[in-house]
Amino acid sequence: MLDDRRIRAARNNAEWCDAVCRAHNNPGEFHDDIWLNRNAVPRFYPNAGTLAEPSPRQLALIDELIAAGLPPGWAVKDSFSMLDLESRGFRILFDAEWTYLPVSRVKDIASARTSVRWEIVRDDLALAEWETAWSEAAGDSGKDRIFLPPLLENKDVAIVAGFRDDDILAGAIANRSDDVVGWSNFFAPATEMFDHAAASLATIARVFPGLAIVGYEHGDDLRNAHSIGFESISALRVWTFTGSKT
C-alpha cells in the first residue's frame, strides 16, 4: 500500500501543474490514477503525472500522448518511481524525493522572522517582477511567461515574495489541496537560503494555516529542505520522451 502522504503529495503537484496549464487556457484531465495534458504545456511542466501505482490505463494514456506527436522533450512525472518507460522511447531526466513538513514543524517555522518584507503577490505587475526574479535565480532564459494572472485569482494558490526595499529578493509558490499545501518554485540568494526558505514557509503557513507542507527536491535543494525540517517520504522520477525505443 502506498503511504497516504505520498498520494497527497503527488495529487497536490498534479493540481499545481493543472493550475498552471489552466492559467494558459489549456487545462489537463484527471483520471483516478493519472493526470495528463494532451497539448503542449509551459516549459518545465510535464504532460502527465501518475496518481497511483502503475496500471494498464496509465500506460495506455501515455501511449496516446506518444501518438499525439507532442513537441520534443515532453515529460512524464512517475510519482512513485514505479514505471519503466525506456522501451517506449523515454529516458530518465532526473530522480527526486517527495518531501513532507508535518504540522507540528510548520508551527515552529511559522514564528520565523526576517528583515525581508514578505507579501502575497496580488497584481500582474508584481507577478511579472516576481517571475523575472525567479527566472534570473533559476537561470531560465525562456522568453514566454509561465506564471500568468489567472493564478492570482485562484483561492488555492498563493505566490509570495520577499522584498528588500522595493526589490524582490526571494519568493515561493504555495498551492492547497487534500489537506496539504505544496511548496514550490522557491528562490533566494544562496548566502541567505535557509532564512528566506523559513520565512517563505512561515508566510505560507499564515495564508493556509494548520496544514502540512509537501514538495519534491533533489540534490542540494533536497539537503536544504532536510535542514529546514522536511522529511523524505518516497522517490519520484521524471522521464522525458526522446522517441528512441529500446
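1. In this note, two residues are said to touch, or to be in contact, when heavy atoms of theirs lie within 4.5 Å. The structure under discussion is a predicted model, and Phe 147 is a useful place to begin reading it: leaving out residues up to four places away in sequence, Phe 147 touches Trp 16, Tyr 45, Leu 127, Trp 130, Glu 131, Trp 134, Ile 173 and Asn 185.

2. Phe 147 also belongs to the largest nonpolar core, which has 28 residues, and together with Trp 16, Tyr 45, Trp 130 and Ile 159 it is among those that touch the most other members. Two or more residues of this core come from each of α1 (4-23), α4 (124-138), β7 (157-164) and β8 (167-177), and the greatest contribution is that of α1, with 7 residues.

3. A further core, lying apart from the one just described, holds 25 residues, including Ala 197, Ala 205, Phe 208 and Ile 213. As general background, nonpolar side chains in soluble globular proteins tend to be buried together.

4. Turning to Arg 237, this residue is found in strand β11, which covers residues 231-241. Arg 237 counts as partly exposed because its relative accessible area is 22%, whereas buried would require a value under 20%.

5. Beyond its neighbours within four places in sequence, Arg 237 is in contact with Val 76, Lys 77, Asp 78, Ser 81, Ile 92, Phe 94 and Asp 95. With Asp 95 there is a polar contact between the two side chains, at 2.6 Å. Gly 210, by comparison, is 27 residues from Arg 237 in sequence and 29 Å from it in space, taken from C-alpha to C-alpha.

Technical notes. Residues numbered from 1 in each chain as written. Predicted model: local features only at pLDDT ≥ 70, side-chain atom pairs only at ≥ 80, totals over all residues. Heavy atoms only, no water. Core = buried A, V, L, I, M, F, W, Y, C linked by side-chain atoms within 4.5 Å. Buried < 20%, exposed > 50% of the residue type's maximum accessible area, 1.4 Å probe, protein only. Helix = DSSP H or I, 4+ residues; strand = E, 2+ residues; numbered from the N terminus. Polar contact = N/O pair within 3.5 Å; in protein donor to acceptor, adjacent residues only side chain to side chain.
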